[in-house]
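Student: I'd like a close look at one part of this model, along with whatever sits around it. Could you pick a good piece and walk me through it in one go?

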Amino acid sequence: MKALVTRDLSKIYRCHLGRQGAPALDGLDLTISPNEVFGFLGRNGAGKTTGIKILCSLLKPSRGSASIFGEEARSRSARRHVGYLPENPYFYEYLTPKETLDFYGKLHGLGRREREAEWDKLSDLLDLREIAHQRVRGFSKGMRQRLGFAVALVGNPRLLILDEPMSGLDPLGRRHIRELILRLRDEGKTLFFSSHVLGDVEQICDRVGVLVQGKLRANGPISELLTGHIHRVEIVAAGLDDTAVEALKALGGYIRHSEAGHHFSADNLERANELAEAVRRHGGGLVEFTPIKESLEDFFMQQQVEAPA
Ligand SMILES: Nc1ncnc2c1ncn2[C@@H]1O[C@H](COP(=O)(O)OP(=O)(O)OP(=O)(O)O)[C@@H](O)[C@H]1O
Ligand SMILES: [Mg+2]
């Protein structure tokens, strides 16, 4: 059974702040398998939060359907499987993290013992012990994000839907969340999250989907989406005199000079080898010869460029 299936999921806001009358989400078809880590990507306003809110039953779709572990997404039984981290988690500011988790534990119908056990587990996992008894009011973005993540995990849901879990976090905080996502995956959970931090996404996702103006433009394993082709080759050459540099500049691809030597960039391996050969012919030597493969960021940018106006 699939963890998440959407068919033709669409949303037209009555008063759309963006393009008038255009759907914020347009015919989203997605299938997510259990235990998958799926990255939901797209620029600001692409429709990620709209899609996520529909999946979490906070918003009614204008068209289409969604199911979670085989049950209609809006049903009570499907919602039991879902843990949700909103884009801007909202808390009762006068409660402490311990009281907050206790409150959500009660909402999930957990007894006192279970709530204690939940606190023990989640406060360890999200590093909440030191701030256990401070009021949320004074919390930094990172502390709020950790608490929000803990709230999403209350009741041990099988599917986690996270709206930008790394947003606003410093590099250490981001690493912590990346590790947590992988750990939850190892425990058998399914993770669906939106993000702008493509480097993080590239490290932890099994599969990504790219939304452009509400439409899913690409969807697949990162290894398949990225061609693996060499994007360009960066070359640094040393030991060249002025005449040699001028001759090489005429071949194209010259970038700059640094302490390391003269920097060139070639569009493909063949061109790079021609340049390297010319460097040697002119009495120089190679200091660096670095093929650069397509990154998720390159791919993402390409999807935007190719989008119809
Ligand atoms: N409540 C609303 N009423 C009207 N229009 C809305 C509403 N919420 C979102 N929109 C519009 O729908 C489109 C998609 O917004 P959404 O918040 O889903 O994008 P997003 O991909 O989550 O963006 P971001 O990366 O900035 O969070 C935008 O054009 C936005 O202006
Ligand atoms: Mg959003």
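Tutor: Two strands count as paired here if DSSP finds at least two bridges between them. Keep in mind that this is a predicted model. My pick is strand β8, residues 190–194. With that cut-off, β8 pairs with strand β3 (residues 37–42) in the parallel sense, and the pairing runs over four bridges. You can find two of the matched positions by eye: Val 37 stands opposite Leu 191 of β8, while the bridge partner of Phe 40 is Ser 194. Strand β7 (residues 159–163) also pairs with β8, through five bridges and again running parallel. Here, Ile 161 stands opposite Phe 192.

Now, how enclosed is β8? A residue is called buried when 20 or more other C-beta atoms lie within 10 Å of its own. Five of the five residues of β8 pass that test, so the strand is largely enclosed by the rest of the structure. The side chains split by direction: Thr 190, Phe 192 and Ser 194 point one way, Leu 191 and Phe 193 point the other way, and all are buried.

Zoom out and β8 turns up inside an open sheet of six strands, in the order β6-β7-β8-β3-β9-β10, with mixed pairing. The edges are β6 (82–85) and β10 (215–221); each has a single partner strand, so one side of each is left without a neighbour in the sheet. From one strand to the next, the twist averages 15 degrees. Helix α5 packs on this sheet by touching β6 and β7, and its direction makes about 165 degrees with that of β6. Helix α11 (residues 296–305) lies across β3, β9 (207–212) and β10, running at about 30 degrees to β9.

Follow α5 (residues 141–153) outward and you reach helix α3: the two pack at an angle of about 25 degrees, with their axes 9 Å apart. That angle makes α3 roughly parallel to α5, and the crossing is right-handed. On the α3 side, the contact uses Pro 97, Thr 100, Leu 101 and Tyr 104, which meet Leu 147, Ala 150 and Val 151 of α5. Sorted by type, the contact has six nonpolar residues, one polar and no charged.

Helix α3 (residues 97–107) also packs with helix α4 (residues 112–125); their axes come within 10 Å and cross at roughly 130 degrees. That puts α3 oblique to α4, and this crossing is right-handed. Lys 98, Leu 101, Asp 102 and Gly 105 of α3 make the contact with Glu 114, Arg 115, Glu 118, Trp 119 and Leu 122 of α4. This contact divides into three nonpolar residues, one polar and five charged. Leu 101 is worth marking in your viewer, since Leu 101 is listed in the contact with α5 and in the one with α4.

The loop between α4 and α5 holds Arg 135. With 16 other C-beta atoms within 10 Å, Arg 135 is partly exposed. Leaving aside residues up to four places away in sequence, Arg 135 touches Glu 93, Tyr 94, Leu 95 and Thr 96.

For contrast, there's a second open sheet to look at, with four strands in the order β2-β1-β4-β5 and antiparallel pairing. Its edges are β2 (25–32) and β5 (71–72), each with a single partner strand, so one side of each is left without a neighbour in the sheet. Strand β4 (residues 63–68) is joined to β5 by two bridges, and Ser 67 stands opposite Glu 72. Helix α1 (residues 48–55) packs on this sheet, touching β1 (4–11), β2 and β4, with its direction at about 120 degrees to that of β1.

Last, a sense of scale. Thr 243 sits in helix α9 (residues 242–250) and counts as exposed because Thr 243 has 10 C-beta neighbours inside 10 Å. Its C-alpha is 81 Å from that of Arg 112, with their positions 131 residues apart in sequence. Likewise, the C-alpha atoms of Arg 135 and Ala 247 are separated by 68 Å, at 112 residues apart along the chain.

Conventions: Residues are numbered from 1 along each chain as its sequence is written. Chains are lettered from A and ligands numbered from 1 in the order in which they are written. This is a predicted model: local features need pLDDT of at least 70, side-chain atom pairs count only at pLDDT 80 or more; totals for chains, interfaces and linings use all residues. A residue is buried if 20 or more other C-beta atoms lie within 10 Å of its own, exposed if 12 or fewer, and partly exposed in between; C-beta atoms are placed from the backbone. Axes are lines fitted to C-alpha atoms, for helices over the stretch in contact, and angles run from 0 to 180 degrees between N-to-C directions. Angles under 35 degrees count as roughly parallel, over 145 as roughly antiparallel, 65 to 115 as roughly perpendicular and the rest as oblique. A crossing is left-handed if the near helix is turned anticlockwise from the far one by less than a right angle, and right-handed if clockwise. Two residues are in contact if their C-beta atoms, placed from the backbone, lie within 7 Å. Ala, Val, Leu, Ile, Met, Phe, Trp, Tyr, Cys and Pro count as nonpolar, Asp, Glu, Lys and Arg as charged, and the others, Gly among them, as polar.
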